[in-house]
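Reader: Could you take me closely through one chain of this model, beginning with a single residue and working outward to the sheet and the helices around it? I would like the cut-offs behind each term stated as you go.

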Amino acid sequence: MAKYVLEFEKPILEIEEKISEMRSMSDQLDIGPEIEVLEQKVERLRKSVYEQLTRWQRVQLARHPDRPYTLDYIAMICDDFFEMHGDRSFGDDKAIVGGLAQINGRKLVLIGQQKGRDTNERKVRNFGMPNPEGYRKALRLMKLAERFSLPVVTLIDTPGAYPGIEAEERGQAESIARNLFEMARLKTPIVNVVIGEGASGGALGIGMGDTLLMLENTWFSVISPESCSSILWKSWDYKEQAAEALRLTAGDLVEMGIADGIIPEPIGGAHRLPKEAADFLKTALIQALDQLTQQPIPQLLRQRRDRYAAIGVFNDAAVA
Amino acid sequence: MPWWSRNRKNLDESQNQQREMPDGLWTKCPSCETVIYKSELEENLYTCPKCDHHFRIGSNHYIDLLTDPETFDETHAQLTSTDPLEFVDEDSYQVKLRKATKRTGLSDAMRTGLGQVEGKRVSLAIMDFSFIGGSMGSVVGEKFCRAVDDAIRERVPFICITASGGARMMEAAISLMQMAKTSTRLTLLADERIPYIVILTDPTTGGVTASYAMLGDVTLAEPRALIGFAGPRVIEQTIKRKLPEGFQRSEFQQEHGFVDHIVHRKELRKTLSRVLTLLPIPETAD
């Protein structure tokens, strides 16, 4: 299968191909210094490209098909993970995975949205678009965590909750609303991390808690740039402008006071060096968990409520 | 001033004057096409006398419809939207806000207040679809929370009438987070054991449905109102199939277990009053 290359990755890839071509000839020719020059050049180029990514380019990176997904991270960061299935009411949604986990000795409940890697798995995972039973499974696991005083970690990566007939019949809206209500008062710490796409209510349905972190090349907003373009510009062609207008990157959300921190990715994105990306994620999770588990639960819940109460910008003439 | 140098903005706004109800003495029911005189429609609380089609009405009408005369005191009306992200598509958000305010006379898509329903005091939050599609941004989220606080402070039931296309795109992640903010505030109401009654009206979709609209202790809906998470067009584009008749309407939602009662607008006040009587507030929170 051909490697998936984004437009802005192409100049980098061209030099890399040239380097490997030269390497294959370096047995016969003495071109070591030339290779070294090119290697320095490619590193400089990569750095400059990735320092100046537009918002739309970050959206593309967040969706990169080689990007690590929830189960990839679980395999790389967990000492153990025991997956649990089903919402005990309708079925098992494979767009959300969850279960008991251990990270560096810390026991917790881990829940994440899961995309598929190949055509077949994409279908099974419904492209990471959960149905109501996915949100209800997540809630069941959160309640379990609460009962056994385990912190919850959620990994967010969805293009949205599934917009289908059956999803509506089974109460897509109710399942998300219920989760928001219960996450607001769950008596255990919750850490949310956007690892890819954070599209709207479908992402928020497992995305409330005490600390919100975002990987460097991810997005989180009320709508995807494409849908925003189609509604506000009445055309699919304004996705770059829509991405700019929505201010949907990790940096933007920290600036808005919604996200608490950015987890760095290796230069070139998480898909280039997944192991390194996983190490960054693991370090950030351990830090967040250790900080939150020290706090008494009533204080934690008060802070959680205050945190959401403070989000909003408006004129209040009576005060002003 | 010659016409070609006339202020462009004024021209646009004069062309954008729209009304909920068309001018003229009569109107046609969009459902059964019966010709209805305006006076008759008004008497019928904007429902079709022949087929019971419920016309969309504004927050003013719901206040008149539900509360006892002269008992409604509007609260938090001073809250207005700003443009925190300086959002611009074909128009700027600021221009859209100005136009919506001018056209509707409203300050945003929700009004709140304290009033009486057949002698029983309540806190009310009423959405208005005519203001940028009833979309939820910072102001809607904040007003909702303050109306919940009012209910808690006075220990009176909280009633919300929903009409919304969802979260307001022009406030992006901030409006998304209003779902979290409003749902969080409702946990305090629940802790206080104060009833929360939702009245779903046409249309209620998106982020509003996926937060406070689906969290009522008692949930009522007007007949044939569109209620759902995803809009019907989005679903059709996704599944590439026509949607069945009645899909996502109130009756569908009741059939699937998400609505307690479908109530004709003429019965709304009586029904609400019954629920308020049958669901008393305990004297203490626990």
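**A close look at chain B**

Author: C48(B) is a buried residue, its relative accessible area being 0%, where buried means under 20% relative accessible area, exposed means over 50%, and partly exposed is what falls in between (1.4 Å probe, protein chains only). The model is predicted, so local features need pLDDT of at least 70 and side-chain atom pairs count only at pLDDT 80 or more, while totals for chains, interfaces and linings use all residues. Residues are numbered from 1 along each chain as its sequence is written, chains are lettered from A and ligands numbered from 1 in the order in which they are written, and side-chain values use heavy atoms, with hydrogens and water left out.

A search of the whole structure returns zero disulfides over all chains, a disulfide being a pair of cysteine sulfur atoms within 2.5 Å. C48(B) accordingly is in no disulfide, and the nearest cysteine sulfur, which belongs to C32(B), is 3.7 Å away.

The next residue to consider is P49(B), which sits in the loop between α2 (38-43) and α3 of chain B; helices (H or I, at least four residues) and strands (E, at least two) are DSSP runs, numbered from the N terminus. With a relative accessible area of 39%, P49(B) is partly exposed. Once its neighbours within four places in sequence are left aside, P49(B) is in contact with I36(B), E40(B) and N44(B), contact meaning heavy atoms within 4.5 Å. Q253(B), by comparison, is 204 residues from P49(B) in sequence, and the two are 24 Å apart in space from C-alpha to C-alpha.

From this loop one can turn to α3(B) itself, which spans residues 59-66 and lies across β5 (110-117), β6 (120-127), β7 (158-164) and β8 (196-204) of chain B. Helix α3(B) runs at about 10° to β5(B), with axes taken as lines fitted to C-alpha atoms, for helices over the stretch in contact, and angles running from 0 to 180 degrees between N-to-C directions.

Those four strands belong to an open sheet of seven strands in chain B, whose order is β3-β5-β6-β7-β8-β9-β10 and whose pairing is mixed; two strands pair if DSSP finds at least two bridges between them. The edges are held by β3 (73-75) and β10 (261-262) of chain B, each with a single partner strand, so one side of each is left without a neighbour in the sheet. At the β10(B) edge, strand β9 (residues 218-221) of chain B runs parallel to β10(B), the two being joined by two bridges, and A221(B) has I262(B) in β10(B) as its bridge partner. Strands of a sheet pair through backbone hydrogen bonds, either parallel or antiparallel.

Another helix to examine against this sheet is α10 (residues 268-278) of chain B, whose buried residues are L268(B), T271(B), L272(B), S273(B), V275(B) and L276(B). These buried residues of α10(B) pack against the strands β5, β6, β7, β8 and β9 of chain B, and also against α3(B).

Several backbone details remain, and strand β8 of chain B is the place to start, for P203(B) lies in it. The peptide bond that joins D202(B) and P203(B) is cis, with omega at about -15°. In the loop between α6 (172-191) and β8 of chain B one finds R193(B), which has a positive phi of about 55° although R193(B) is not a glycine. The relative accessible area of R193(B) is 37%, which makes this residue partly exposed.

A positive phi also occurs at K240(B), where the value is near 55° and the residue is again something other than glycine. K240(B) is placed in the loop between α8 (232-239) and α9 (250-255) of chain B, and at 70% relative accessibility K240(B) counts as exposed.

To return to the starting point, C48(B) is buried at 0% relative accessible area, whereas P49(B), the proline taken up after it, is partly exposed at 39%; farther along the chain, α3(B) lies across β5, β6, β7 and β8 of the sheet, and α3(B) is also among the elements against which the buried residues of α10(B) pack.
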